Amino acid sequence: MVLLEDIIVVKGLVKKFGKEVAVDGLDLTVKKGEIFGFLGPNGAGKTTAVRVISGLTSFSEGEVSVGGYDILKNPKEAKRLMGVVQQHISLDKDLTVRENMMHRAMTHKMPAGERKERIDELAGYIGLEEYLDRTIDSLSGGWKKRAAIVSSLLHRPTVLFLDEPTVGLDIQARRLIWSLIRKLNGEGTTVFLTSHYIEEVEALCDMVGIIHKGKLIAKGSPADLCRRIGSIAAEYLDPDRMMRYRYFSSKEDAEGFASSLGGGHKVLIRDTTLEDCFVELVGEKLGGE
Amino acid sequence: MFEFFRETYYVMWGDLMFMKHTALNILISSVMSPLLYLLAFGYGLGMGLEVDGLPYIAFIIPGIAALTSLSASFSYVSGRLNVQRLYYRSLDEMLMCPISTSAVVLGKSFHGVIRGLISSSIIFAIGLAMVPEHLHFTPLYVICIVTSCFVFSLLGVTSSLLAKSHQSIATFNNLVILPMTFLCGTFFPVDVLPPVFQAMLYSLPLTHSSVAVRASSLEWDFPWASLFILFCFCVAFFAINVYLIKKKKV
């Protein structure tokens, strides 16, 4: 089912910390039912944008609405629709997993009769059952993250914000989270995902926004973004043994370019990836590598 | 209104669970410092002394109950909320829930009130057993001690919302709480000091708390102005906390 209603609308968003501008005139719309990937290098403003959109941080200028509710004028209604998983684990580490989940269910005003069943259902799905009565502090990083994610899903949010959800997780846990995200999206949940892992965004997202220095510099589907720089990449070593990349709209053009370099060059012709696109648009690799 | 109280209960639920886990610790630590004050100042220094015709021990017990409402309520709320805000970041989760800001402030202060009431009740019960002919458990005493616990719990919320680190709370303790502990009428009547010091001390909430708690439990003329000022402190700290969260200055 394709739903085209704009569920997150951000207009001219500016967030300053003193004189430093963290988000600079951000305009963004996310459609209902999408998995939207928000990519950017470290310090680009991704987390700040998520905190502002989810109503946790004030902003200097602009408008933000979620599900048609202005985050300033109707914060309670907007927050009722949202689930947020922050980059850091933000559970109460003195309480058990079950108590944290119960507390979250209460503060999201889930009916009393549904809470226990929902906790057991989600814990069962993600394999948390045996850890439910352990304190958060006694869990490993991966289990803490799983607990944080399922806690944010208790009230069946319409929009789920995931800020770097799989950082520090092993590949098994990461795949489990991915399939959970797909399952939720299949049930109609809109997902707003920030990630350092390009393959995660490529694997999951229908639409991608690239933020750099607080500004949205590109937005489109992964295929659209690749087409924007050229959907075929030619990768080769230059005479100084430096890796070079050129992008072309067709394989023929790329092969023509390879021939023009002469026989001494080994050229790899392949499909353009989101990482190519990101590096080309931002001018640096993710994580400042 | 019912919705507001339900939200307040939801906010305080997590802290109630924490209290349940640490009940024995709370009970032991609650009575330690007031008992030390009682032994050191009541029996050690104050044996044979009289204040306003009363044995010193009868004079000091209501003061220590008021002081305990400060130390227990303030330290419990400021310590725990500071950890939740700066280290666990679990306050963020609370602020992303569809809960009114007033309910968050009230819910976060409630567990300090409970802790303050437990501690001051233990001290007062000891006092009642020691000097039953002088101390009285009156409705006005209950009103004064509950109000006092609210004032210092809400002050604990304010200090932790403003704190930049755990060190900030320690600094606040040293600059504000410690002077209040020794100067605000717990151990001696403020009225014996020069007028300028009296004026300074009457600008602090613990002085009014001590005066009101003492008068209500010794059945002296009740200082209604002090109770009113305590209410004003409550409203002021509550409003400041709501402002800090609403303006997202936390």
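In this tour a domain is a stretch of chain whose bounds come from an automatic or database domain assignment. The model on the screen is predicted.

**First selection: the two domains.** Colour residues 6-224 of chain A as domain 1 and residues 225-288 of chain A as domain 2. The C-alpha centres of domain 1 and domain 2 of chain A are 34 Å apart.

**Second selection: where the domains touch.** Domain 1 of chain A contributes 16 residues to the contact, and domain 2 of chain A contributes 13 residues. Which elements should be selected on the domain 1 side of chain A? Helix 7 (198-204), strand 9 (207-212), strand 10 and helix 8 (222-229) of chain A each supply at least two residues to the side that touches domain 2 of chain A. On this side of domain 1 of chain A, the residues comprise 10 nonpolar, 4 polar and 2 charged.

**Third selection: the sheet.** Next, display the open sheet of 6 strands in chain A; the strand order is 6-7-8-3-9-10, and the pairing is mixed. Its edges are strand 6 (82-85) and strand 10 (215-220) of chain A, each of which pairs on one side only. From one strand to the next, the twist averages 15°.

**Fourth selection: strands 6 and 7.** Select strand 6 of chain A together with strand 7 (residues 159-163) of chain A: the two run parallel and are joined by 4 bridges. Where is the bridge partner of Met82(A) in strand 7 of chain A? The partner is Val159(A).

**Last selection: helix 5.** Finally, add residues 141-153 of chain A, which form helix 5. This helix lies across strand 6 and strand 7 of chain A, and runs at about 170° to strand 6 of chain A.

Key:
Residues are numbered from 1 along each chain as its sequence is written. Chains are lettered from A and ligands numbered from 1 in the order in which they are written. This is a predicted model: local features need pLDDT of at least 70, side-chain atom pairs count only at pLDDT 80 or more; totals for chains, interfaces and linings use all residues. Two strands pair if DSSP finds at least two bridges between them. Axes are lines fitted to C-alpha atoms, for helices over the stretch in contact, and angles run from 0 to 180 degrees between N-to-C directions. Two residues are in contact if their C-beta atoms, placed from the backbone, lie within 7 Å. Ala, Val, Leu, Ile, Met, Phe, Trp, Tyr, Cys and Pro count as nonpolar, Asp, Glu, Lys and Arg as charged, and the others, Gly among them, as polar.
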